[in-house]
2 protein chains.
Amino acid sequence: MKRKIYIENHPMDEARENFFHRVQETGFSSAAVEKVRVLEAYGRISSGPVFARRSSPHYSASAMDGIAVKARETELANDLSPITLGPDQFLEVDTGDYVPRQFDAVIMIEDVNFIDNCVRIIKPAVPWQHVRSVGEDLVAHDMIIPGAYPLGPYEVASFITAGLETVSVIKRPVVAIIPTGSELVEKAEENMQPGQIVESNSHMLAGLCQQWGAEVIRHPIVPDDRELLKTALAEMIPGADLIVMCSGSSAGSEDYTAGLLEEMGELLVHGLAIRPGKPAILGIIADKPFIGVPGYPISAQLVFTLFAKPLLYQKQGLPVPQPREVEACISRKTASHMGVDEFVYVNLARIKDRCIAYPLNRGAGITTSLVKADGVVLLPRGQEGLMAGETCQVTMLHEDLLQDTLVAIGSHDPSIDFLADQLRRTRRIRLVSTNVGSMGGLVALARQEAHLAGIHLLDPESGEYNLSYLNRYLSQQPWLLVNLAYREQGLMVKKGNPLGIRGLDDLFREEVRFINRQKGSGTRILFDCLLSQQNRSSSDINGYTREEYTHLAVAASVKNDACDAGLGIYASARAMDLDYIPIAEETYDICLLPDLMDEKQLDALIETIKSPEFRNNLCRAGGYRLDESGQIRASHA
Amino acid sequence: MKRKIYIENHPMDEARENFFHRVQETGFSSAAVEKVRVLEAYGRISSGPVFARRSSPHYSASAMDGIAVKARETELANDLSPITLGPDQFLEVDTGDYVPRQFDAVIMIEDVNFIDNCVRIIKPAVPWQHVRSVGEDLVAHDMIIPGAYPLGPYEVASFITAGLETVSVIKRPVVAIIPTGSELVEKAEENMQPGQIVESNSHMLAGLCQQWGAEVIRHPIVPDDRELLKTALAEMIPGADLIVMCSGSSAGSEDYTAGLLEEMGELLVHGLAIRPGKPAILGIIADKPFIGVPGYPISAQLVFTLFAKPLLYQKQGLPVPQPREVEACISRKTASHMGVDEFVYVNLARIKDRCIAYPLNRGAGITTSLVKADGVVLLPRGQEGLMAGETCQVTMLHEDLLQDTLVAIGSHDPSIDFLADQLRRTRRIRLVSTNVGSMGGLVALARQEAHLAGIHLLDPESGEYNLSYLNRYLSQQPWLLVNLAYREQGLMVKKGNPLGIRGLDDLFREEVRFINRQKGSGTRILFDCLLSQQNRSSSDINGYTREEYTHLAVAASVKNDACDAGLGIYASARAMDLDYIPIAEETYDICLLPDLMDEKQLDALIETIKSPEFRNNLCRAGGYRLDESGQIRASHA
């Protein structure tokens with residue numbers, strides 16, 4: 001098949017209009033209806049008005065425990081001259097009991113004096129008092145709810161009361177999802193080949209369909225083979241309202257999809273002026289809408305949300321729920337690409353009175369950005385990017401995440417993740433962390449864009465950690481420096497140390513591929529400091545300019561033979577089963593800005609750091625010394 | 001069993017504290033954990049942090065379609081002197097392909113010139129450009145999410161990518177529900193006896209449990225029999241985290257429940273100082289929390305929400321979601337009862353800039369009030385009720401119902417329900433209607449507490465409808481009078497007319513039991529007008545003082561032999577299969593306040609009234625003349 005290098009570049013709004021218009025022409029919008037049993041109607045949507053089949057109560061019912069009487073026979077009762085009713089003049093009734101037609105009022109039991117088989121009363125009854133009339137709750141033929149109404153517990157209960165056994169509801173739209181790509185595998189195996197990718201997009205889209213009220217039928221992965229794809233399509237189309245192909249990430253696999261659509265249906269769009277999501281495919285096949293979703297997870301999520309969500313709600317006769325929008329300042333300069341609508345996924349947190357949006361890693365392949373994201377910022381085509389601090393509109397992806405969020409920006413250490421887990425489970429505090437290195441953490445604190453930062457900054461002059469940096473960069477505001485742990489740094493090398501690396505000297509050997517940490521990270525500063533102590537030039541190290549952002553990422557590179565050595569903490573080496581050559585012990589502290597937190601949050605943080613559970617987690621990880629964990633090392637007012 | 005007339009009266013807060021405290025003591029809060037397959041984890045809550053088992057990508061991967069190269073070999077390329085790479089100096093790669101270890105950069109295909117089996121390039125590659133490093137998305141041993149985290153589509157997708165097959169989640173709490181009461185039946189049958197009640201509470205509570213993340217096991221209805229109840233309890237307790245008994249509404253059935261709890265466990269509370277919900281029962285049985293829920297649906301909903309919801313969230317290690325609160329003015333005087341915390345269910349709507357809360361029928365037996373309610377107002381013990389117009393806090397029961405709501409207060413006609421259905425389905429406008437009669441509608445309009453009112457007010461002087469009333473009561477503001485239909489009013493009598501009723505005269509016969517409509521309703525005014533034309537005294541009519549609020553309710557009373565005749569519209573007589581003696585034709589209009597609506601709403605209303613679907617619905621109902629439906633009969637600026 002011919003390789004199509006340049007796909008089109010349809011503006012998003014134009015593509016949406018064009019696609020939705022063609023879909024309407026195929027008669028897509030007429031919602032299908034089905035009858036379900038009332039007890040299975042929970043969570044469904046009524047297709048039309050629902051009418052009661054019977055009245056409730058269906059008889060005159062007592063609203064109290066007491067006696068049924070004829071009101072006229074009680075007219076003269078009062079404190080001074082009570083009236084006594086004989087056995088045929090009243091009837092004992094419980095709440096809900098039938099009030100027979102010869103009676104027309106109920107006197108509550110507290111006002112009745114039983115004497116043998118008679119009763120004595122001292123107050124007249126008003127006609128029809130404490131008698132629930134027929135249909136007080138529901139009258140047969142009443143419209144209980146209109147159409148397009150979501151059925152919850154109360155609706156189901158009233159249907160039961162109203163004598164309904166079944167109810168007509170909107171049929172759930174069916175989405176056929178066909179994952180395609182020769183590089184895809186159904187699940188991760190021990191010995192996956194380089195180039196193989198675990199197919200997860202179809203399952204993500206299935207989850208979204210469930211949120212949106214649709215059902216999914218998923219085809220097993222189809223390799224990039226024209227005939228097999230045609231067979232899969234032919235099999236899936238008849239039962240579906242919407243056909244979705246999850247392409248692999250390569251252009252080749254998209255080309256198959258686009259080509260097939262051209263042959264079997266109508267290709268409307270191949271290529272959108274959006275980012276991520278550019279290689280999207282839109283069309284019609286067998287009079288049904290077709291969406292070809294790009295292979296990168298974030299692209300897939302975005303394209304599916306833009307194009308499938310409105311259709312699936314429309315098919316159910318429902319308005320598309322409008323997610324909440326929040327105004328925020330963006331934490332850092334965010335460039336946008338010329339000529340595309342750009343979607344930037346962000347974390348959101350409130351710091352004092354400001355709502356701040358923190359852009360997440362913008363790689364479209366980063367599934368975890370979807371896990372982390374609280375919202376999306378759209379940078380429209382033709383608009384420049386955002387300057388740091390500029391105001392933007394954030395469309396929320398989840399609800400109520402702004403409550404009790406603490407933001408940690410700074411150095412990466414697994415202990416920050418343990419802290420987040422424990423704060424969430426035991427204190428209901430959400431700790432969002434971004435790894436930008438210790439120096440980046442200080443910058444964020446100085447700008448009051450974080451509540452805390454993990455730092456381990458060696459002062460080459462004094463050999464001390466952190467304090468001199470804080471005095472230099474955070475002199476303008478109160479802070480608190482709390483020790484998290486002392487930890488070991490060392491060289492991580494492959495199991496068995498095949499290259500015989502014993503120390504820094506070996507990194508200068510030509511065949512040793514090093515991987516470095518990013519500039520501004522405490523580990524990088526430590527490394528440079530060690531080099532300068534030995535008067536060695538970093539340019540002689542193969543890989544000095546190659547950067548990773550976390551200890552585990554460095555360890556993974558060593559493990560997977562992307563390099564031979566890197567500097568990092570013992571816990572990461574151990575997690576990846578690598579050999580480890582200790583180089584230094586350093587002080588890992590967190591610096592807090594108490595003015596940005598309330599007392600409860602501050603206490604929760606320090607108490608959690610001191611807690612046995614937290615210490616046990618670090619002990620198990622290995623390489624930490626906890627003598628001073630949770631101790632306040634210094635403070636500044 | 002001894003009848004216990006006076007149950008206790010525990011203040012709500014005290015009861016909650018006492019109950020929750022005892023429940024904690026039984027060790028209730030420790031959340032149970034289970035492993036589920038990742039593909040079934042959607043919607044669950046992580047029990048602890050989840051770590052990646054593999055890195056993704058697990059190899060150096062191309063981020064583009066293009067060629068993999070050694071960066072060093074491209075260093076000198078530029079526009080003027082392109083570099084040609086031979087077949088062993090590059091490798092064609094698609095996005096996601098493996099970049100073998102001899103290469104360290106990827107050049108995108110758009111920048112490559114293929115010439116025979118060589119490539120020509122005009123730009124140098126920066127080392128590691130367009131190469132996704134191992135673990136760029138996820139690194140093995142990374143904490144993907146902390147504990148107590150809801151698992152959605154993105155979490156599931158990243159678990160798959162991270163090589164997980166199962167994940168530990170919070171076990172769903174199990175609620176055992178035992179409906180009990182000899183008067184209860186499982187479902188409505190054709191020939192239900194007076195006194196029988198269809199059991200729906202257990203299904204309502206089951207729906208609430210589902211909302212709150214719990215599972216339900218439901219026992220079939222148990223009659224009021226001590227031994228049978230004991231057997232049912234013994235059967236249900238072992239598998240449950242919380243035991244709930246849905247009592248029938250009578251004191252007798254509660255007494256069984258309370259007595260059994262005293263015998264088999266610990267009775268903490270029988271009787272709460274709340275309304276509705278007073279006869280609630282709280283206790284401990286077999287070290288598990290026990291809630292005895294009253295028989296009236298609203299009482300059941302309230303007690304279950306107050307006492308079961310916090311426990312079920314706590315059991316899952318989750319915070320209890322706090323429903324949104326809205327400030328509103330109450331539309332009418334709302335009395336509260338001495339010494340109880342009183343919960344008033346309300347509709348909510350925004351009219352211009354005011355948010356108004358409309359109290360619903362306060363009968364605890366009215367299931368439909370739960371269907372209709374948008375929120376709840378708490379009138380705390382010791383506080384007086386609310387004056388009309390007073391500000392109150394409304395706790396929302398649903399979300400986003402304030403958008404595009406129109407409020408109709410006035411006369412009841414089925415056409416208002418049809419209007420509501422059609423506006424909702426086709427225009428996404430919610431029409432909330434309250435039946436208080438035509439005069440009540442005018443009062444609401446005069447106070448700007450409704451957007452529209454259905455009215456049919458006969459002026460006895462002129463014989464004309466509506467206009468003279470509007471001129472008298474609504475002279476201060478602009479209004480629009482739109483005809484809905486002309487409709488027949490007549491006497492509804494039993495099928496076959498056993499009492500031989502032919503006209504108003506027959507209502508004065510002693511054996512004929514009449515049922516009237518409420519004061520201020522157009523039908524009542526019509527009836528009084530007809531009586532005065534004949535110079536007859538209403539006090540000679542048996543049942544003149546007995547009132548119902550809708551045509552259908554009157555028809556149901558006739559149908560169920562609660563009376564013999566009532567005045568109403570043909571549609572109701574026909575729906576109930578009653579005989580009908582036409583008496584008069586009247587003008588049924590709606591009066592709109594255009595200043596309170598936007599143009600879109602106004603158009604939607606009038607267009608809907610004129611639409612064929614609306615007319616067809618009225619035609620099918622019968623008794624309407626539609627010559628002028630949708631026509632503006634008069635207006636006032």
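How much area do chain A and chain B bury between them, and what percentage of it is on carbon and sulfur atoms? In this predicted model, chain A and chain B bury about 9,100 Å² between them, with 58% of that area on carbon and sulfur atoms. The legends below take the interface and then several individual sites.

**View 1. The interface of chain A and chain B, seen from the residues that form it.** The contact involves 104 residues of chain A and 104 residues of chain B. Of the area that chain A buries against chain B, 8% is supplied by Tyr154(A), Val371(A) and Arg424(A), which is more than any other three residues supply. Between the two chains there are 30 residue pairs in polar contact. Elements that give two or more residues to the side of chain A that touches chain B include strand 11 (143-145), helix 2 (153-161), helix 5 (251-264), helix 8 (414-427) and helix 12 (551-559) of chain A. Helix 2 of chain A gives the largest share of this side, namely seven residues. By residue class, the side of chain A that touches chain B divides into 48 nonpolar, 31 polar and 25 charged residues.

**View 2. The two chains related by an axis.** A turn of 180 degrees, with a shift of 0.0 Å along the axis, lays chain A on chain B with an RMSD of 0.1 Å. That is the relation of a two-fold axis. Of the interface residues of chain A, 100% are also interface residues in chain B, so the copies meet through the same surface.

**View 3. Salt bridges across the interface.** Six salt bridges are found across the interface of chain A and chain B, while a search of the whole structure finds 72 over all chains. In one salt bridge between the chains, the side chain of Arg53(A) meets that of Glu190(B), with an N to O distance of 4.0 Å. A network of salt bridges also links residues of both chains, its members being Arg101(A), Lys494(B), Arg513(B), Asp561(B) and Asp564(B).

**View 4. The salt bridge of Asp564(B) and Lys494(B), a pair that belongs to the network of View 3.** The side chains of Asp564(B) and Lys494(B) meet at 3.0 Å, N to O. Asp564(B) lies in the loop between helix 12 (551-559) and strand 33 (565-569) of chain B, and Lys494(B) in the loop between strand 30 (479-493) and strand 31 (514-517) of chain B, so this salt bridge ties together parts that are 70 residues apart in sequence. Both Asp564(B) and Lys494(B) are buried.

**View 5. The salt bridge of Asp505(B) and Arg536(B), which joins two loops of chain B.** The side chains of Asp505(B) and Arg536(B) meet with an N to O distance of 3.3 Å. Because Asp505(B) lies in the loop between strand 30 and strand 31 of chain B, and Arg536(B) in the loop between helix 11 (522-533) and strand 32 (547-548) of chain B, the pair ties together parts that are 31 residues apart in sequence. Asp505(B) is partly exposed, with a relative accessible area of 47%, and Arg536(B) likewise counts as partly exposed, at 34% relative accessibility.

**View 6. A salt bridge within helix 1 of chain B, formed by Arg22(B) and Glu25(B).** The closest N and O atoms of Arg22(B) and Glu25(B) are 2.7 Å apart. The two residues are three residues apart in helix 1 (residues 12-25) of chain B, which means that they are separated by about one helical turn.

**View 7. The surroundings of Glu586(A) in strand 34 (residues 579-592) of chain A.** Glu586(A) counts as buried, at 1% relative accessibility. The side chain of Glu586(A) is joined by a polar contact of 2.8 Å to that of His456(A) and by one of 3.4 Å to that of Tyr465(A). Leaving aside neighbours within four places in sequence, the residues in contact with Glu586(A) also include Ala485(A), Tyr486(A), Arg487(A), Gln489(A) and Leu526(A).

**View 8. Arg132(A), which touches residues of both chains.** Arg132(A) is found in strand 10 (residues 131-132) of chain A and, at 12% relative accessibility, counts as buried. The side chain of Arg132(A) makes a polar contact of 2.7 Å with the side chain of Glu136(A). Not counting residues up to four places away in sequence, Arg132(A) touches, among others, Pro57(A), Tyr59(A) and Asp137(A), together with Tyr296(B) and Gly365(B) of chain B.

Notes. Residues are numbered from 1 along each chain as its sequence is written. Chains are lettered from A and ligands numbered from 1 in the order in which they are written. This is a predicted model: local features need pLDDT of at least 70, side-chain atom pairs count only at pLDDT 80 or more; totals for chains, interfaces and linings use all residues. Side-chain values use heavy atoms; hydrogens and water are left out. Contact means heavy atoms within 4.5 Å. Buried area is the accessible area (1.4 Å probe) that two parts lose on being put together, summed over both. A polar contact is a pair of N or O atoms within 3.5 Å; within protein, one must be able to donate a hydrogen and the other to accept it, and residues adjacent in sequence count only if both atoms are side-chain atoms. Helices (H or I, at least four residues) and strands (E, at least two) are DSSP runs, numbered from the N terminus. Ala, Val, Leu, Ile, Met, Phe, Trp, Tyr, Cys and Pro count as nonpolar, Asp, Glu, Lys and Arg as charged, and the others, Gly among them, as polar. Copies are superposed by least squares on the C-alpha atoms of residues with pLDDT of at least 70 in both. Buried means under 20% relative accessible area, exposed over 50%, partly exposed in between (1.4 Å probe, protein chains only).
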